[in-house]
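Here are a few exercises to try on the model below. Have a go at each task before reading its solution.

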Amino acid sequence: MKCKKCGYEWQSYGEALTCPGCGAHAALTQSEKQTLWEEAYEAEKIKDTALRARCYHALAEQGDEKAAYAYAECLRRGVGVEPNAGEAVFWYRASAGRMYPAAAYRLSIALAEDSRFGDSKKQALFWLRVAAELGDAEASFALARAYEDGELVAPSHRHALFWLTRAAKAGHGEARLLLARSYFEGDGVEKNLAAARYFMKNVPVSGLRMKLFSRRLGAGECEEPAEIVLPAREEERLSLGNEAETAGEYGIASALYFHAARTGNADATYRLGVFYEEGRGVPHSPTEARRRYGIAAKAGHIQATLRLADFLLNAIGGDADPQLAVKCYGELENAGVAEGAYRLGEMYREGKGVAIDVPLAIRHYKTAAKLGHEGAARALEALKGDADAVYEKACVLEERGEMNAALAAYRAAAEMGHAGSAYAMGVFLEKTAAKPSERKEVFTYYRTAAEGGHIGGIFRLGLCYSRGYGVERNYSAANSLLGIAAKRNYEGAKEELDALKARKYRRAARRFYSISSVLYRKGNVAEAVKFRNIAAKLGSARAMYVLGCHLEFGDGLPADRVKAGAWYTRASQAGFDPAKGDLKGGFLRERKKLILAKRNATEK
């Protein structure tokens, strides 16, 4: 290319359109390009091949893909210029990179025929697939042959039939003839005379064999056969797009990703978002990138969800939405993605779009660290070092008797996740806590201490769950926490655990006794006795006393005064006082009257 301003000449190769000598923009106007095309046509008419080649070269330097292909053809055949296979491959590649199908097909042939251009077979197959995807009939036919032969790719008759059909529909005569014969003879496809006639339509008939075949087809209805379906079609297109991206052919890659994204492929949608974000192969557009990330994120794509959250947090491509960013990171954390948990920790630690909450940040950091995130582990170490220093300062202040300053220091360290400080704050606040909100704050500090492994915090948290202090009562959690404290021989833990188990048995005993009472009222005495026996074994003194009554009266059990006396004794030892409840009256007394009446009737 020659600069009109300073006369400097250089090779732009369709990219460098700025003069290196004076910095002037050397791009031709649309009118000048049209003039060059007209000169090329006139040169072709008068057989001036050199002039035609020069026109093609000038247009190719301006980035015209059609001219680049035409100039490459001149170089390959030596028309108007000296033959140069290497230069021809360069211009084929330049044209193919701008998605010119014929150039991609010719490039694949050139690479397949010449091993000087690197891994020529692999590159030849890549460009053949690109040309076929871009709609070149010859390339589709060649790819069909490649699948049938199985030399460059794994043999697949279905893939061969798919690309042969694509070539036929693009107007490839030989492909149409082969398909017509296949459908006529049922060779590799289901026999379909109407489909055979469809593909033979518009195929020039010449030669005896063609005429005989056309006569055998005869006249009749034509019908386009059903489209060949390839289950892995989008995956193959995505794979080809990845190859194009790796090779730096971003225009081709973006086109392939567009096709795959239309069918809902999340990976292709995400890659398109990256292209829009970075301006590769498509115009730079953060708004479109954000939209594409959102579509892929809805389909569960991890990387897209991370990028979408970043855009939402930093107001890229639209307004900031920290709450939606928190939701995105939270979904990733729940799915076991360490990066999502780590970024949530960063948000709460630094107050990015949310209120600063160091304890919550620490919990997210810990989750990320457990999932193997190194950054989260480093953040935890840094916070731990800061919290230790503040805790030591608080202890010194407490020894001096400066309680207000000590409590402020304890609170600051607790907010950084320090277990000892959180325990100290919980113990102090518990002494004066009266309101539900104050008790809840105490529970929060104990929970922080327990999460940090503080044994006192574990014990106190267990008591909170056991007694419903600042939190809803949860006997399962209480049992687990008190069990840990008891195993470490923490003072009072074993007694509390035993008391908790006793309460658990008492609750179960009450349930079984209630069931037995319902059964007894319904007249199912035998089943009622079974449930009362279970309740008695679980420690219900009332059930023990009632079982004694059953044995004394022979109600549902054989009468046995000795066993009845034993149950009465056990009930008394368990603290049951029959004077406080008229158990011998009520149902049991009525039941005794009925039994005595039956006995008297039998004796008479």
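Buried means under 20% relative accessible area, exposed over 50%, and partly exposed in between (1.4 Å probe, protein chains only). This is a predicted model, where local features need pLDDT of at least 70, side-chain atom pairs count only at pLDDT 80 or more, and totals for chains, interfaces and linings use all residues. Residues are numbered from 1 along each chain as its sequence is written, and side-chain values use heavy atoms, with hydrogens and water left out.

**Exercise 1.** Work out where Ala315 is placed and classify its accessibility.

Step 1: look in the loop between helix H16 (302-314) and helix H17 (322-334), and you'll find Ala315. Helices here are DSSP runs (H or I, at least four residues), numbered from the N terminus.
Step 2: Ala315 is partly exposed because its relative accessibility is 39%.
Step 3: check the backbone: phi of Ala315 is near 55 degrees, so a positive value in a non-glycine residue.

**Exercise 2.** Do the same for Asn489.

Step 1: Asn489 sits in the loop joining helix H25 (475-487) and helix H26 (493-521).
Step 2: with 68% relative accessibility, Asn489 counts as exposed.
Step 3: its phi is positive, about 60 degrees, though Asn489 isn't a glycine.
Step 4: for context, most residues other than glycine have a negative phi.

**Exercise 3.** Which residues does Tyr198 contact, leaving aside its neighbours within four places in sequence?

Step 1: find Tyr198 in helix H10 (residues 193-200); its relative accessible area of 18% makes it buried.
Step 2: list the contacts (heavy atoms within 4.5 Å): Tyr198 touches Arg176, Cys222, Glu223, Glu224 and Pro225.
Step 3: the C-alpha atoms of Tyr198 and Glu223 are 5.7 Å apart, with their positions 25 residues apart along the chain.

Definitions and conventions: Helix = DSSP H or I, 4+ residues; strand = E, 2+ residues; numbered from the N terminus.
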